Amino acid sequence: MELKVDHTPEEALEQIKNKNYKLRFQGKLAEKKVAVKKILGIGISYDRKTKKHSCQVEWL
């Protein structure tokens, strides 16, 4: 999940993809590796001026 202020939920999802967040779910070097096929990405944006939020969900 990524929260952006004054940006779009699409930009939040793009950050999740670019920074490869799903690697965090695969475990550490000494641990047993876990095969992560898909994660649910959630991009949330908040507009300071209008005080509204929007959200987009996507399987990554």
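This passage describes the strands, the helix and selected side-chain contacts of a predicted model.

The strands are considered first. Three strands make up an open sheet, arranged in the order β1-β2-β3, and the pairing within this sheet is mixed. The edges are taken by β1 and by β3, which spans residues 53-59, and each of these has a single partner strand, so that one side of each remains without a neighbour in the sheet. On average, and with direction ignored, neighbouring strands of the sheet are turned by 15° against each other. Helix α1, formed by residues 9-18, packs on this sheet and touches β1, β2 and β3, while the direction of the helix makes about 140° with that of β2.

The mixed character of the sheet can be followed strand by strand. Strand β2, which comprises residues 40-46, pairs with β1 in the parallel sense, and four bridges are found between them. Within this parallel pair, Glu2 stands opposite Gly43 of β2, and Val5 has Tyr46 of β2 as its bridge partner. The pairing of β2 with β3, by contrast, is antiparallel and is made by seven bridges. Here Leu40 has Trp59 of β3 as its bridge partner, whereas Gly43 stands opposite Gln56 of β3. Gly43 thus faces Glu2 as well as Gln56 in β3.

Strands β2 and β3 form a hairpin with six residues between the strands, and in this hairpin Lys51 takes a positive phi near 65°. In general, most residues other than glycine have a negative phi. Lys51 departs from this pattern, having a positive phi of about 65° although it is not a glycine. Lys51 is placed in the loop between β2 and β3, and it counts as exposed because its relative accessibility is 57%. A positive phi is also found at Asp6, where the value is near 60° and the residue is again not a glycine. Asp6 belongs to the loop between β1 and α1, and with a relative accessibility of 41% it counts as partly exposed.

Asp6 also takes part in a contact between charged side chains. As a general matter, side chains of opposite charge can pair when their charged atoms come close. In the present model, the count comes to two salt bridges. In one of them, the side chains of Asp6 and Arg48 meet at 2.9 Å, N to O. Because Asp6 lies in the loop between β1 and α1 and Arg48 in the loop between β2 and β3, this pair ties together parts that are 42 residues apart in sequence. Arg48 is exposed, its relative accessible area being 52%, whereas Asp6, at 41% relative accessibility, counts as partly exposed.

A salt bridge is also formed by the side chains of Lys17 and Glu58, which meet at 3.0 Å, N to O. This pair links distant parts of the chain, with Lys17 in helix α1 and Glu58 in strand β3, 41 residues apart. Both residues are partly exposed, since the relative accessibility of Lys17 is 38% and the relative accessible area of Glu58 is 26%. The contact thereby joins α1 to β3 through side chains, in addition to the packing of the helix on the sheet described above.

Turning to the surface, a nonpolar patch is formed there by Leu3, Val5 and Tyr46, which together have about 250 Å² of accessible area. Leu3 is located in strand β1, which runs over residues 2-5, and it counts as exposed because its relative accessibility is 53%, where over 50% is required. Val5 and Tyr46, besides belonging to this patch, are bridge partners, with Tyr46 placed in β2.

A further position concerns the loop between α1 and β2, where Ala35 is found. Ala35 has a relative accessibility of 69% and therefore counts as exposed. Between Ala35 and His7 the separation in sequence is 28 residues, and their C-alpha atoms are 32 Å apart in space.

Terms used
Residues are numbered from 1 along each chain as its sequence is written. This is a predicted model: local features need pLDDT of at least 70, side-chain atom pairs count only at pLDDT 80 or more; totals for chains, interfaces and linings use all residues. Side-chain values use heavy atoms; hydrogens and water are left out. Patches are made of residues with over 30% relative accessible area and no salt bridge: like charges are joined within 9 Å, nonpolar side chains (Val, Leu, Ile, Met, Phe, Trp, Tyr) within 5 Å. Accessible areas come from the Shrake-Rupley method with a 1.4 Å probe; for residues, only the protein chains shown count as cover. A salt bridge is a side-chain nitrogen of Lys or Arg within 4 Å of a carboxyl oxygen of Asp or Glu. Helices (H or I, at least four residues) and strands (E, at least two) are DSSP runs, numbered from the N terminus. Buried means under 20% relative accessible area, exposed over 50%, partly exposed in between (1.4 Å probe, protein chains only). Two strands pair if DSSP finds at least two bridges between them. Axes are lines fitted to C-alpha atoms, for helices over the stretch in contact, and angles run from 0 to 180 degrees between N-to-C directions. Contact means heavy atoms within 4.5 Å.
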